[in-house]
Amino acid sequence: MGKQKSIQQEKARKTIMSVVLAIICVIYMLPILTIFSNTFKNASAVKSDIFALPNSETFVGFDNYVTGMTAGSFPFWKAVIFNVIITVLSAALILLFCSMAAWYVARVNSFFCKIFYYLCVFSMVVPFQMVQFTLSKTADTLKLNTPWTIPVIYLGFGAGLAIFMFVGFAKSIPIEIEEAASIDGCGPVRTYFLVVLPMLKPTLISVGILEIMWVWNDYLLPSLVLDLAKYRNIPMHIQLTNTGSYGQMNLGAMMAMIFLSIVPIIIFYLICQKYIIKGVAAGAVKG
Amino acid sequence: MDKSTISSSKPKKSKKPKGGHSSMTRRSMRRWSWLFIGPVFAAFIIGFIWPFAQGIYLSFCGKFNTISNAKFQGFTNYIKAFQDATFGHAFWFTALFAIVSVILINLLAFAAAYALTQGVKGSNLFRTVFFMPNLIGGIVLGYLWSMIFDGILSIYKTNILAKAEYGFWGLIILLLWQQVGYMMIIYIAGLQAVPEDMIEAAKIDGATKSQTLFRVIIPNVMPSITICTFLTLTNGFKLYDQNLALTGGQPFRQTEMLALNISNGYSAVNTRGIAQAKAVIFFILVATLGIAQLVSTRNKEVQQ
C-alpha cells in the first residue's frame with residue numbers, strides 16, 4: 001500500500017515538474033515571440049507598448065519586412081548575401097585545410113609540427129582585442145578586406161580550435177588503414193582524400209558547426225576589416241542601423257530585421273540539433 | 001607520387017618511429033608538406049602570429065597611425081593604462097559581472113540539467129528550447145533585449161541607459177538567457193555519466209534525495225562543474241558584442257566592460273598605444289584563466 005502511494009506521489013511530482021518546465025519554456029520564448037508580434041505593428045504602436053498584440057488599427061501586414069529588407073542605401077538583403085558568402089567560404093577553407101594540417105601534424109609529429117600545434121592551442125586563449133588594431137592593418141595591406149578574401153583571416157584566426165579538435169581525433173584513427181592504402185599504391189594526397197577524410201566525418205561536422213556559428217555571428221572582425229559602404233554582414237548591418245549616425249530606422253522595420261536575422265539560425269538549429277548538442281561537449285574546451 | 005611511395009617503401013623497415021607513421025609514409029608525407037600544412041600555416045601567420053607580435057611591440061610605442069611610424073618608448077603606455085580611471089572601473093565592473101554571471105548561470109544550468117534528467121515527459125523539447133538562444137549572435141541578442149527592456153522600463157518612464165544598475169542586470173539577464181542552455185547541455189552529459197548503481201546504493205542505504213544530490217551526484221559531476229565555471233568566467237571577461245549592442249557602455253562609460261574599453265581606445269590616435277598596452281594586460285588575464293581551464297580539462301580527456 002505504502003509503495004503504491006509513493007509511486008503515485010512520484011507520478012504526480014513528475015507531472016507537476018512537466019507543467020512547471022513547460023511554463024518556463026514559454027517564458028523563455030517570450031522575447032522572440034514579442035519581437036515576432038511586433039514585426040506586424042506600425043512604428044508608433046511598437047513604441048507605445050511592445051507587449052500589445054497587433055490589432056486592426058496597428059496591423060501593417062508584411063510592410064515591416066519589406067522596409068526592413070530593402071530600406072537604406074545599403075539594404076539588409078545584401079548583408080544577408082554577404083553573410084552567407086563569408087560564412088560558407090570560411091567554413092569550407094577551415095574544414096579542408098585544417099583537417100589536412102591536423103592529419104599531417106598528428107602523423108609526422110616533427111619538432112616544427114609540435115611548435116605549430118602548441119601555437120594553435122595558444123591562439124585559443126588570446127582575446128581578439130590583442131590583435132584588433134594590427135590585424136585590421138595587415139588585412140588592409142594584403143587586400144583581405146572583401147567578402148571573398150576575408151575567409152583567409154578566418155582560416156588563420158579559426159585554425160586554433162579546428163587544429164586542436166582535428167589532431168585529437170586524427171591521433172585516434174588506426175594507422176594500419178593508412179599503411180594498407182600506401183602499400184596499395186596511394187600517395188599521401190590520395191590517402192588523405194580517399195581514406196582519412198571520410199573517417200574524419202564526425203569531427204568535420206562538429207568543427208563545421210562551431211565555425212559556422214562563430215563566423216555567422218561575428219561582428220568585430222568584419223566591422224574592422226570590411227569597407228562598410230560596400231560590404232556588410234548581418235551583425236554589422238544591425239549595429240550600423242541602430243547607431244544614430246547612419247539614420248535611425250523605423251522601429252517596426254527594425255523588429256522585422258531582428259526577427260529575420262534569427263530565423264536562419266533557428267532553421268539551422270532545428271536541422272542540425274543532434275550534431276550541435278553533441279558538438280557542445282567537444283567544443284567546450286574553447287575559452 | 002605513387003612511384004615515390006613504392007620506391008621508398010623497400011629499404012627502411014626495421015625502425016618504427018614512436019607514435020607516428022612508419023618512416024616511409026612519413027617521408028613521402030613530408031614531400032607534400034607545402035600542401036598539407038602550408039595554407040594553414042601561411043594564414044595563421046597572417047591572421048594571428050604576425051598581428052600578435054606587432055601588438056606586443058606596439059604596446060611599447062608612442063602615438064602611431066600605422067605600424068611603420070610607431071616609435072619605441074618603453075613602459076609609458078602601461079603606466080598610463082594603470083592610471084586610466086575608466087580602465088580600472090571597467091576592470092571592477094567586468095570582475096563583478098563575471099562573478100555574478102558565473103554563479104547564476106551555473107546554478108540555473110545545473111538545476112535545469114537536474115530537472116531534465118529525472119525522466120520528466122517532454123525533456124527533449126525543453127532541452128531544445130533552453131539551448132536555442134545560445135546560437136543567436138551577440139549583436140542581435142543585444143538589440144533584441146534592448147527593445148524588450150526598453151518596452152518594460154518605458155512603463156516606469158525610464159530606459160536601459162538611464163542607470164548603470166539597469167545595464168548591469170540587463171546584461172546579466174541577457175547572458176543567462178544565452179548561456180544557461182549551453183552549460184545545461186554540459187551538465188546533462190555529466191549527470192548521465194553518474195553510475196546508476198551508485199545512486200541506487202545510496203537509496204538503499206537510506207539516503208534522502210538531498211543527501212544523494214550533495215554526497216553522490218555533485219562529487220561525480222565535478223569535472224563538468226570545473227569546465228562550466230571556467231567557460232562562464234572567460235566568457236564573462238571577454239564579453240564584447242552584447243555589451244556594445246545593449247548599452248554601448250552608457251551611461252557615461254559606466255557599463256563599459258574591459259573588451260569594450262580597450263576597443264574604444266583604438267579609435268583615437270592619442271589612446272591607441274595605451275589601448276594596445278591594456279590589451280596585453282587583458283590578454284595575460286584571460287590567458288591565465290584559459291590555461292588553467294585547458295590544464296583542468298586535459299585531465300578529464302585522459303580518462304576518456
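Q: Which residue follows α4(A), and what is the sign of its phi?
A: This is a predicted model, in which local features need pLDDT of at least 70, side-chain atom pairs count only at pLDDT 80 or more, and totals for chains, interfaces and linings use all residues. Residues are numbered from 1 along each chain as its sequence is written, and chains are lettered from A and ligands numbered from 1 in the order in which they are written. Helices are DSSP runs (H or I, at least four residues) numbered from the N terminus. After α4(A) comes A:Asn109, with phi near 55 degrees, hence positive.

Q: Why does the span of α4(A) agree with its number of residues?
A: The expected span is 1.5 Å times one less than the number of residues. The 33 residues of α4(A) should therefore span 48 Å, which agrees with end C-alpha atoms 47 Å apart.

Q: Which helix gives the largest share of the largest nonpolar core?
A: Such a core joins buried Ala, Val, Leu, Ile, Met, Phe, Trp, Tyr and Cys residues through C-beta atoms within 7 Å; buried denotes 20 or more other C-beta atoms within 10 Å of a residue's own, with C-beta atoms placed from the backbone. Of its 161 residues, A:Cys98, A:Ala101, A:Ile163 and B:Met184 touch the most other members. The largest share, 18 residues, comes from residues 76-108 of chain A, helix α4.

Q: How many residues does the contact take from chain B and from chain A?
A: Two residues are in contact if their C-beta atoms, placed from the backbone, lie within 7 Å. The contact takes 87 residues from chain B and 73 residues from chain A.

Technical notes. A residue is buried if 20 or more other C-beta atoms lie within 10 Å of its own, exposed if 12 or fewer, and partly exposed in between; C-beta atoms are placed from the backbone. Helices (H or I, at least four residues) and strands (E, at least two) are DSSP runs, numbered from the N terminus.
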